[in-house]
Amino acid sequence: MTANEQTTVAVLGLGPMGRAIAATLVKGGNPTTVWNRTPGKDAELVGLGAVSAPDTASAIDSAAVVVAVLGDHASVHEVLDPVADRLRGKALINLTSTAPEDSRELARWAAGHGIDFLDGGIMAVPPMIGGPGASILYSGSEQIFDRFRPDLEKLGAADYFGDDPGTAALYDFALLAGMYAMFAGFFHGAAMVRSAGVTATFFAPRAVAFLTAMTGSFQSYAEMIDSGDYTQEVQPARFHKPALDAIVRASRDAGVALDIVGPIKNLIDRQIADGRAGEGLGRVTEELAGHRE
């Protein structure tokens, strides 16, 4: 691709993320064709310069790269199975949120149809696409990644995680698991302080400061987990148990359900019941991974 060439792209699926991706590509100079199962979502994109395709076949025929941003794994097959022959020899980039095994299945399906396949996990919300905070993780075809990297970097920071097409999705959902657990912890805390008449707005800055400081412990926990030696932590499970017991009691007193903190307490209780009261909190990783011995 020379400096004067721009990759032609078809974006299939115009939900909030698909629209954000298509708009960013159009603004970045890529000739972009868009398609959506439900009509009417492409008006703004057409106003920006995108071409509206009447069907998937014409969208695919217009482009060197086809980007699928659909509802789920089943939707990808529903949309692409009927036009698999049109995709032969093209680059297919799946940015639909699909589980790792589903991404691998799509890669096998693509290979069976002569389609080069790259999977991606979007670490951003739609308004972030094209901005400095956006990141998309990729795995699968290194050829697609290398060839079209300048286009991918228009959407956000682009990182390649190897030829296993499920790896990007694995990282994506592992990071999202941490995000959702963090949000849930904040929601639980906001429910607790509400019982004392404290608003979530007042509580939020303290939560941000404290939780941000606590993330500084991730690296030391990571080193402990990788070493498999949980005996050196200053605050072992026996230290955390009274705190979790008190949090549960305080939550009950505040009338807050235990859906969030209850399972965490149960994890610590199991560690202690298994004779690991003197081992660090990071050993919960082994419990979650099914390593009880």
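Is R37 buried, partly exposed or exposed? In this predicted model, R37 has a relative accessibility of 45%, and R37 therefore counts as partly exposed, since that class lies between the limits of 20% and 50%. The report below starts from the whole chain, moves on to its interior and its surface, and then comes back to R37 and its partner.

## The chain as a whole

The protein chain has 293 residues, and buried residues make up 42% of them. Its secondary structure comes to 13 helices and 8 strands, and its C-alpha atoms fill a box of roughly 65 × 45 × 35 Å when the box is taken along the principal axes. If we consider the contacts in the chain with a separation of 6 or more, 59% of them are between residues 24 or more positions apart. The accessible surface of the chain comes to about 15,300 Å², and carbon and sulfur atoms account for 58% of that area.

## The nonpolar cores

In soluble globular proteins, nonpolar side chains tend to be buried together. The largest nonpolar core in this model has 32 residues, and the residues with the most contacts inside this core are V11, I21, I93, L95, I122, I129 and Y138. The elements that give two or more residues to this core are the strands β1 (9-12), β4 (65-68), β5 (91-94), β6 (116-122) and β7 (135-140), together with the helices α1 (16-27) and α7 (142-155). Helix α1 supplies the largest share of this core, with 7 residues.

V11 shows what the surroundings of one core residue look like: when its neighbours within four places in sequence are left aside, V11 is in contact with G18, I21, A22, L25, T32, T33, V34, W35, V67 and V69. Apart from the largest core lies another core, of 24 residues, which includes A57, V76, V83 and I115.

## A nonpolar patch on the surface

Nonpolar residues also appear on the outside of the model, where Y180, M182, F183, F187, F210, L211 and M214 form a patch with about 720 Å² of accessible area together. Two helices, α8 (167-194) and α9 (200-214), each supply at least two residues of this patch, and α8 gives the most, with 4 residues. One of the patch residues, Y180, is found in helix α8, and Y180 counts as exposed because its relative accessible area is 53%, which is over the limit of 50%.

Helix α8 is also the place of G185, which is partly exposed at 36% relative accessibility. G185 and E287 are 102 residues apart in sequence, and their C-alpha atoms are 20 Å apart in space.

## Salt bridges

The structure holds 14 salt bridges, and the table lists some of them with the distance between N and O atoms.

| Salt bridge | N to O distance |
|---|---|
| R37 and E78 | 3.0 Å |
| E101 and R104 | 2.7 Å |
| E279 and R283 | 3.6 Å |

The salt bridge between R37 and E78 links distant parts of the chain, for R37 is in the loop between β2 (32-35) and α2 (43-48), while E78 is in helix α4 (residues 73-80), and the two are 41 residues apart. E101 and R104, by contrast, both belong to helix α6 (residues 100-112), and because they are 3 residues apart there, about one helical turn separates them. E101 is partly exposed, with a relative accessible area of 49%.

What is the setting of the salt bridge between E279 and R283? E279 counts as buried at 16% relative accessibility, and R283 is buried as well, with a relative accessible area of 3%. Elsewhere, salt bridges that share partners join K241, D245, K265 and D269 into one network.

E279 is found in the loop between α12 (261-273) and α13 (284-288). Besides its salt bridge with R283, E279 has a polar contact of 2.8 Å that joins its side chain to that of R276. Once its neighbours within four places in sequence are left aside, E279 is in contact with Y230, T231, P236 and A237.

Notes
Residues are numbered from 1 along each chain as its sequence is written. This is a predicted model: local features need pLDDT of at least 70, side-chain atom pairs count only at pLDDT 80 or more; totals for chains, interfaces and linings use all residues. Side-chain values use heavy atoms; hydrogens and water are left out. Patches are made of residues with over 30% relative accessible area and no salt bridge: like charges are joined within 9 Å, nonpolar side chains (Val, Leu, Ile, Met, Phe, Trp, Tyr) within 5 Å. Accessible areas come from the Shrake-Rupley method with a 1.4 Å probe; for residues, only the protein chains shown count as cover. A salt bridge is a side-chain nitrogen of Lys or Arg within 4 Å of a carboxyl oxygen of Asp or Glu. Buried means under 20% relative accessible area, exposed over 50%, partly exposed in between (1.4 Å probe, protein chains only). A polar contact is a pair of N or O atoms within 3.5 Å; within protein, one must be able to donate a hydrogen and the other to accept it, and residues adjacent in sequence count only if both atoms are side-chain atoms. Contact means heavy atoms within 4.5 Å. A nonpolar core is a set of buried Ala, Val, Leu, Ile, Met, Phe, Trp, Tyr and Cys residues joined through side-chain atoms within 4.5 Å.
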